Amino acid sequence: MKGKGLRLICLGAIISAVIAAGCFLLTGCKKDDGLKGADVSVPSESNTYHTREEAVAAGGGWYETMIEDFDSNTLPEKWNYSPHGLRNTEYWCDQTVYFEDGCLVVDAYKSDSHKCDVCPSSGEFTGGIETRYMDGEESVQTFSQAFGYYEVRCKLPRAQGMWAAFWLQSVNQGKIGNEGEDGTEIDVFESAFINKNPAMVGHALLYDGYADYGKVTDFRKVTDSDLYDGFHTYGLKWTPNEYIFYVDGKATWRTDFGGVSKVPEFLRLTCEIRHGYGPHGVKLKEFDSTEENPAKFYVDYVKVYQNTEYEASIKSDSDYKEIIPEGGK
C-alpha cells in the first residue's frame with residue numbers, strides 16, 4: 001500500500017491518539033466500573049456453537065465468527081497490514097509484522113538502514129494488522145461485525161515510549177451526530193501504564209470524529225497481575241445495550257457511553273510510538289527497545305463470536321445521516 005492518499009487516511013487515527021492522550025481531561029477517569037448487576041457471562045466451550053446454523057437449530061445463542069491462532073506463519077486471509085506510511089512521528093511498515101514462536105509479532109524499532117519503497121531509511125518504525133485494506137481512498141472491510149464477544153491473547157511490549165492496543169473501528173466513526181450509534185472507536189485495551197502501574201489497563205470509547213465534535217471517555221483498572229509479564233487475555237462483550245470489558249476473564253468495566261454503536265466495525269492490532277504523552281494522558285519516557293525490555297507485541301490468538309439474540313439490532317452505515325449541530329462549533 002503506497003501513496004499520499006494512504007497517509008491522509010492515517011490522519012484521523014493520528015488525531016485519535018491525540019484526543020485519547022488527553023481524554024481524561026475531557027471526561028475524567030471513571031471510578032465507577034458499572035458492573036453491579038451486570039451479566040458478565042461470555043462464550044465458552046459449553047455454550048458456543050461452531051456455526052450460526054447450529055446455534056439457530058439449538059434455539060439460539062453464541063456461535064463462532066473468527067477463530068485465528070496465527071500458527072500458519074502467514075498473514076491470515078481476513079487480516080491485512082495496517083496502512084503503510086507516516087502516522088505521527090513513526091512510520092508504519094509491513095516489515096515490522098512477522099511470525100515468531102507460534103505468534104504473530106508487531107515490532108517497533110529505530111533504524112538508520114531501513115529498506116522499503118514507502119518509508120525513509122532512517123527513523124522509528126512499527127505497524128499493525130487489521131481486518132480492512134485501503135483501495136485508494138476507500139476502506140474495504142475484510143471482516144467486520146456489530147455486537148458479539150471479542151478476545152485476544154497477547155504479550156505486551158515492555159519498551160519505553162510506546163504502547164500496544166486491540167481496538168475496533170468503524171468507517172463511519174467520523175460522521176457527526178447520532179452520538180456513538182453510527183460508529184464508535186472501541187479500545188478494548190491500551191498498554192500505556194508500564195511506568196505508572198504495570199498491573200493497570202486502559203479502555204476507551206470515542207465517537208463523532210476526533211476534532212471539534214469528538215466525544216470520548218476512558219477507564220483505568222488495576223488488575224491482579226503484572227500485565228507486562230507473560231501472556232494475558234483482553235475481551236469485549238458488545239451488546240445492543242452496553243459494552244463490558246474483560247482482563248484475564250474478569251470483567252473490568254461496563255458502560256453504554258454514546259448510546260452504543262449499532263454498525264459493523266473492523267478489528268485492529270497495533271503498536272504506536274509517541275514522544276511526550278500517550279493514551280489516557282500518560283507521560284511516556286523516550287522510546288527505547290532493549291533486550292531486557294523489548295518492543296515486540298506477541299499475539300497468540302484472536303477469537304470473535306456472535307449471538308443470535310443481537311442480530312436483529314444490527315444497522316448499516318447507510319442507516320445514519322450526518323447531523324451537524326446548527327451553527328457548528
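This briefing walks through the fold, two covered strands, a small open sheet, two buried acidic residues and the cysteines of the structure above.

The model is predicted, so please read every value below as computed from it. The protein has 23 strands along with three helices. Of its 329 residues, 53% count as buried.

**The overall picture**

- Contacts reach far along the chain: among those between residues at least 6 apart in sequence, 73% join residues at least 24 apart.
- The protein exposes about 14,100 Å², and carbon and sulfur atoms supply 48% of that area.

**Strand β22, covered on both faces**

- Strand β22 spans residues 266–273, and it is largely enclosed by the rest of the structure because eight of its eight residues are buried.
- On one side of β22 sit Phe 266, Arg 268, Thr 270 and Glu 272, all buried.
- The other side of β22 carries Leu 267, Leu 269, Cys 271 and Ile 273, and these are buried as well.
- Charged residues are found in this list too, including Arg 268 and Glu 272.
- Strand β11, residues 128–130, runs antiparallel to β22 and is joined to it by three bridges.
- Within that pairing, Glu 130 stands opposite Arg 268.

**Strand β15, a partner of β22**

- As a general reminder, strands of a sheet pair through backbone hydrogen bonds, either parallel or antiparallel.
- Strand β15 covers residues 162–169, and eight of its eight residues are buried.
- Met 162, Ala 164, Phe 166 and Leu 168 point one way from β15, while Trp 163, Ala 165, Trp 167 and Gln 169 point the other way.
- With β22, strand β15 pairs in the antiparallel sense over eight bridges.
- If you would like to trace this pairing on screen, Ala 164 stands opposite Cys 271, and Ala 165 stands opposite Thr 270.
- Strand β15 is also joined to strand β16 (residues 184–190), again antiparallel, through four bridges.
- Here Ala 165 stands opposite Glu 190 of β16, so this residue can serve as a handy landmark: it also faces Thr 270 in β22.

**A four-stranded open sheet**

- Four strands make up an open sheet with mixed pairing, in the order β5-β6-β10-β9.
- Strands β5 and β9 (109–111) stand at the edges with a single partner strand each, so one side of each has no neighbour in the sheet.
- The partner at the β9 end is β10 (residues 123–126), which runs antiparallel to β9 and is joined to it by three bridges.
- In that pairing, Tyr 109 has Phe 125 of β10 as its bridge partner.

**Two buried acidic residues**

- Glu 90 lies in the loop between β5 (85–86) and β6 (91–92).
- Glu 90 counts as buried because its relative accessibility is 0%.
- The side chains of Glu 90 and Arg 274 are joined by a polar contact of 3.3 Å.
- Beyond residues up to four places away in sequence, Glu 90 touches Gly 85, Glu 124, Thr 126, Glu 272, Ile 273 and Arg 274.
- Asp 300 belongs to strand β23, which runs over residues 297–307.
- Asp 300 is buried because its relative accessible area is 18%, and the cut-off is under 20%.
- Leaving aside neighbours within four places in sequence, the contacts of Asp 300 include the acidic residues Glu 68 and Asp 69.
- Other contacts of Asp 300 are Phe 70, Gly 102, Cys 103, Arg 153, Cys 154 and Phe 231.

**Cysteines without disulfides**

- In general terms, a disulfide is a covalent bond between the sulfur atoms of two cysteines.
- With a cut-off of 2.5 Å between sulfur atoms, the count comes to zero disulfides.
- Cys 119 is in no disulfide: the nearest cysteine sulfur belongs to Cys 116 and is 3.8 Å away.
- Cys 119 counts as buried because its relative accessibility is 8%.
- Cys 271 is likewise in no disulfide, and the nearest cysteine sulfur, that of Cys 154, is 9.6 Å away.
- Cys 271 is buried because its relative accessible area is 0%.

Conventions: Residues numbered from 1 in each chain as written. Predicted model: local features only at pLDDT ≥ 70, side-chain atom pairs only at ≥ 80, totals over all residues. Heavy atoms only, no water. Buried < 20%, exposed > 50% of the residue type's maximum accessible area, 1.4 Å probe, protein only. Pairing = 2+ DSSP bridges. Polar contact = N/O pair within 3.5 Å; in protein donor to acceptor, adjacent residues only side chain to side chain. Contact = heavy atoms within 4.5 Å. Areas by Shrake-Rupley, 256 points an atom, 1.4 Å probe, with all protein chains shown as cover.
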